[in-house]
Structure formats: structure tokens, C-alpha cells
Amino acid sequence: MSTGTESAPQQERLAEIDLSLHLLIDGELVAGAETMPVVNPATEEVIVDCPRGSVRQFDRAVGAAKVAFRSWSRSPVEARRQVLLRIAEVIDAHAEELAAVLTAEQGKPLADARHEVAGTAAFFRHVAGLEVPSEVVEDSDERRVEIRRRPLGVVAAILPWNAPLLVIAFKVPAALLTGNTVVVKPAATTPLATLLLARLVAGLVPPGVVNVVTDANDLGGVLTSHPDVAKVTFTGSTATGLKVLASASRDLKRVTLELGGNDAAIVLDDADPSTVAAGIFRGAFWNCGQVCLAIKRLYVHDSIYEEVCRELVALAEGTVVGAGVEEGAQMGPLQNRMQFEKVRAFLADAEEHGRVLCGGEVAGRAGYFVAPTVVADIAEGSRLVDEEQFGPILPVLRYATTDEAIRRANASAYGLGASVWSSDLERATEVADQLEAGTVWINKHIDVAPHIPQAGAKHSGLGAELGDVGLLEYTQVQVLNIDK
Ligand code: NAD
């Protein structure tokens with residue numbers, strides 16, 4: 001691992017951005033009931049005090065969304081498409097500002113932040129081109145039966161802190177295209193890019209159609225229990241997802257839950273370590289390992305175990321770790337202090353139960369930095385293997401037979417993603433068929449696109465996002481049955 005060097009122009013760019021941000025409620029940019037500090041995870045310094053919403057403000061936002069639903073849900077779908085396209089345009093036009101703010105609050109390297117912003121615009125644009133389906137299932141002398149997809153009402157979109165803008169794009173365009181209105185709640189540690197986006201879209205959507213209200217990680221329950229919220233779309237941890245589900249079930253709100261994962265990757269004995277190592281490394285350490293779909297357990301056949309470990313260590317040691325604004329930084333800090341402390345506990349567990357080959361905490365500088373850490377000779381029963389680390393520590397587990405690897409990979413309550421690495425596609429597919437996960441990749445890990453649905457199995461989620469399947473989750477089936 002090496003560290004990056006400060007880039008003065010990037011710092012200045014942030015200083016040029018107007019960070020006097022506001023909540024967006026009923027088309028108006030309003031101050032929060034209070035303020036709260038937002039910390040730069042690379043420096044531990046406060047970036048700015050940002051507005052913090054109150055119960056009343058959440059209530060007002062839901063009320064405005066409910067009123068706006070009446071006309072938005074009846075507006076021509078063509079008009080809604082145009083709004084999504086205008087949002088995509090404004091994101092592209094302000095990409096540099098959004099990326100700078102995202103890097104400052106989230107920590108990811110500026111290049112990755114730019115990529116996230118571009119992806120956000122692309123997802124809005126993709127959804128703008130989708131059709132809301134309707135189908136005639138019978139048209140006879142007796143009757144005409146049509147299946148239509150009606151919007152649900154007010155959608156509450158609750159976001160995590162690892163990819164705040166992209167997760168908005170998983171949810172908001174699909175909700176809007178199908179005729180719903182939304183109240184967005186960002187995570188308490190990453191509200192800034194979302195509020196900047198709120199400022200940009202405020203003039204593009206009719207009042208009340210999109211509302212953005214922040215909290216200090218304390219008011220999510222107001223949305224999930226609100227009688228006027230029809231659906232909750234939530235991305236976050238499984239523990240919180242269970243609370244969301246319990247709360248939303250009281251009045252049968254629709255829910256989509258994208259939750260945690262403990263993705264296993266299986267490297268078969270015919271894989272070439274030097275060919276697969278880069279893809280595995282990226283799959284495990286991208287965004288500092290803070291990706292729901294990151295590789296969190298790596299199963300490697302005994303015959304190539306040491307070689308795969310060596311390749312991963314070489315990649316880890318060649319990674320430039322630094323603040324997202326530093327020239328050449330490839331991996332930033334963990335996003336917040338709580339996650340940093342969690343990852344430190346995983347490091348301690350790794351030292352106790354495994355062989356730490358490289359990495360560990362970065363000493364001698366401010367910020368929540370942990371270098372890419374590869375841990376060998378560790379097994380199930382340790383926290384690092386059994387739990388979701390959500391950070392840059394990869395346990396590498398040894399296996400002897402393919403059946404054993406499949407069994408161990410499946411022995412998790414999670415089922416978000418998985419991958420198989422092999423030079424034999426047929427063999428890899430046979431293994432993939434036996435893995436209990438919503439997505440299984442072959443010779444890659446983490447490949448997300450707006451037309452590819454994502455649906456967690458087991459404790460990793462409920463329902464799906466993205467693609468045509470994801471779009472339908474924002475609708476209610478309505479049968480129109482006409483007598484002839
Ligand atoms: P988190 O569950 O702590 O918080 C997520 C959001 O829920 C935040 O906005 C938070 O304020 C809100 N919240 C907290 N308590 C709530 C409550 N009682 N009711 C309603 N909302 C509440 O998750 P996090 O730490 O921000 O994100 C990391 C987790 O998210 C990891 O487990 C990761 O795997 C998961 N994640 C999953 C996906 C996916 O698509 N499956 C994507 C990204 C992250």
C-alpha cells in the first residue's frame with residue numbers, strides 16, 4: 001500500500017460550491033428544524049452543518065407528496081419521461097459539483113464519485129425510456145379484460161451511506177415514471193450530495209412530487225409508520241430492514257428491501273490465479289469494501305490457494321490509499337467512525353483467528369483509513385467469515401472439493417450475490433446453479449446496470465430493484481373487466 005498526495009485544486013473546487021443546503025418540501029427549499037455536522041471521513045473535520053429535519057417536516061413532506069400524487073399520477077407518462085430526462089441532464093451538467101461533494105462526505109476517490117454521478121444520470125435516462133406495461137388478457141364477445149399497472153401513492157425512499165446518489169437512481173426514477181410521488185431520506189452521514197441534487201431538481205418537478213428530508217439516523221420510523229406512505233423502498237442493513245418490515249406491515253405498506261450480504265466467491269482449481277486476481281480484488285475492495293454486493297468470503301481450492309493469496313497481496317500492496325481528493329488515490333477511508341470501529345473489531349478478530357497477510361489500520365494520519373487487508377487460514381466460526389464486514393478485509397478460505405465449497409458458500413443467512421471463477425464455463429455454470437444467491441456472476445463480481453434486476457435471496461432482501469421487474473414493484477395490478 002502507498003498513500004496519495006494532496007491535490008490543492010480539488011480542495012478549492014469544494015470551497016467554490018455553495019453548501020448552504022436546504023430540505024426540499026412541497027417544491028420549496030427550506031431550512032431544517034435544526035442543523036447537524038457532516039464529517040469528512042478522510043480528515044475527520046466538519047465539512048458543513050447541514051439541515052436536520054424534524055417529525056413535522058417529514059409529516060409535511062408526506063402531506064405534500066400525497067396532494068401532488070393526485071395530479072402526478074394522472075399526468076401523461078410522456079410528461080413524466082421528460083421530467084426524468086431533465087433530471088438526468090441537470091445531473092450531467094453539475095457532475096463535477098456532485099462528485100466533489102460526494103467524495104468529501106462519502107470518502108470515495110474522485111474518479112469513483114464521478115463514475116457514480118454519471119451512473120446516476122444514466123439510470124434516470126434508462127428508466128425514462130421504459131414502458132409501463134398493460135396487457136389485454138381477453139377480448140371476446142363476452143368481455144374485455146385488461147391488466148393495468150397503477151401507481152401506489154407516496155413512496156418513502158430510505159438510503160444508505162455507501163453510494164447515496166446511485167441508490168437514489170435505483171429507486172426514484174422507477175417510482176416517478178409509474179406515477180408515484182416520493183419522500184427521500186438520505187443516511188445521516190451522507191446527506192450533502194442528496195441535498196445538492198434536491199436543489200438542482202427543485203425547479204424541474206411539480207411541487208410535492210419529489211421531497212428530500214434529512215434526519216440524524218432517528219426519524220426513519222416516521223416514514224415507515226406514516227399512514228399516508230403507501231410503499232417503503234429501503235436499502236441498508238438487514239437489522240434495520242427487519243425493523244422497516246415490522247413497522248410497514250402494520251398497515252400493509254408495500255416494501256422493497258435491499259439488505260446486507262456476505263457474498264461468497266468460489267475459485268475453482270482450473271482458474272489461473274494471475275488472470276482472476278484483479279477481478280476478485282476489485283470485487284472485494286471497491287469502495288473500500290463498502291458495497292452490499294462485494295466479495296466478503298473467498299473460497300479457493302487448496303491446489304492454488306497460496307498462489308491466489310500471493311496475487312491478492314501484491315495487488316493490495318500496490319493500492320494507493322488516500323483521501324478521495326488526493327492525486328492517484330484508489331481507495332478512500334471508511335465512511336464513518338462507527339463503521340471504522342466495526343472494521344477495527346473485525347481486524348482484531350482476523351488477527352486472533354487467521355493469518356493477516358497484509359494491510360491493517362493506516363497509522364499516523366487523521367481519517368478512517370484501513371489498507372486493503374488479506375487474511376489467510378481463517379474459517380467459519382470467526383466473525384470475519386460469518387458476519388458482514390462491509391470494509392476492506394477479505395478472508396480467504398481453503399477448500400478441498402467443489403461440493404464442500406458450495407455447501408460452505410451456502411451456509412449463510414445472506415443470499416445477495418456470489419461468483420464462480422474458472423476457465424471452464426460449463427463447470428462454473430454447474431456450480432452457479434447450486435448457489436443460493438439473487439445474482440451469480442461467472443469470472444466477475446459486481447456488475448450492476450439499470451436493465452439488470454437485483455433481488456436478494458434469503459436475509460438479503462425482499463422484492464427486486466432495477467429492470468422491468470424492479471419497475472413493477474412501484475405499481476399495483478388493476479384488472480379492468482368490461483362486460484360486452
Ligand atoms: P442502515 O441500515 O444502518 O441505515 C440505512 C438507512 O436506514 C439510513 O438512512 C438510516 O437512517 C435508516 N434507518 C435507521 N433506522 C431506521 C428505522 N428504524 N426505520 C427506518 N429507517 C431507519 O444501513 P447503512 O449502515 O447505512 O448501510 C450499510 C448496509 O446497507 C450494509 O448492510 C449493506 O450491505 C447494505 N446495503 C445493501 C444494498 C443492497 O442493494 N442490497 C446496497 C447498499 C447497502
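**Close-up views of a two-domain predicted model**

**View 1. The two domains and their contact.** The centres of domain 1 and domain 2, taken over C-alpha atoms, are separated by 30 Å. This is a predicted model, in which local features need pLDDT of at least 70 and side-chain atom pairs count only at pLDDT 80 or more, while totals for chains, interfaces and linings use all residues. Residues are numbered from 1 along each chain as its sequence is written, and side-chain values use heavy atoms, with hydrogens and water left out. Domain 1 covers 5-259 + 460-482 and domain 2 covers 263-449, with bounds that come from an automatic or database domain assignment. Where the domains meet, 29 residues of domain 1 are in contact with 31 residues of domain 2, contact meaning heavy atoms within 4.5 Å.

**View 2. An open sheet of 3 strands.** The strand order is 6-7-24, with antiparallel pairing; strands (E, at least two residues) and helices (H or I, at least four residues) are DSSP runs, numbered from the N terminus, and two strands pair if DSSP finds at least two bridges between them. At the edges are strand 6 (135-139) and strand 24 (475-483), each of which pairs on one side only. Strand 6 is joined to strand 7 (residues 143-151) by 4 bridges, and the two run antiparallel. Within this region, Asp139 stands opposite Arg144 in strand 7.

**View 3. Ser75 in a loop between two helices.** Ser75 is placed in the loop between helix 2 (55-72) and helix 3 (77-93). With a relative accessible area of 18%, Ser75 is buried, a term that means under 20% relative accessible area, whereas exposed means over 50% and partly exposed lies in between (1.4 Å probe, protein chains only). The side chain of Ser75 reaches the backbone oxygen of Trp72 at 2.6 Å.

**View 4. Cys288 and the cysteine sulfur closest to its own.** Cys288 is buried, at a relative accessible area of 2%. The closest cysteine sulfur, in Cys358, is 13 Å from the sulfur of Cys288, which is too far for a bond. A disulfide is counted when a pair of cysteine sulfur atoms lies within 2.5 Å, and by this rule the count comes to 0 disulfides.

**View 5. Two residues with a positive phi.** Most residues other than glycine have a negative phi. Phe390, although not a glycine, has a positive phi of about 50 degrees; Phe390 lies in the loop between helix 13 (383-386) and strand 18 (393-399) and counts as buried at 12% relative accessibility. Asn443, also not a glycine, has a positive phi of about 60 degrees, and is partly exposed, with a relative accessible area of 36%.

Note on methods
Polar contact = N/O pair within 3.5 Å; in protein donor to acceptor, adjacent residues only side chain to side chain.
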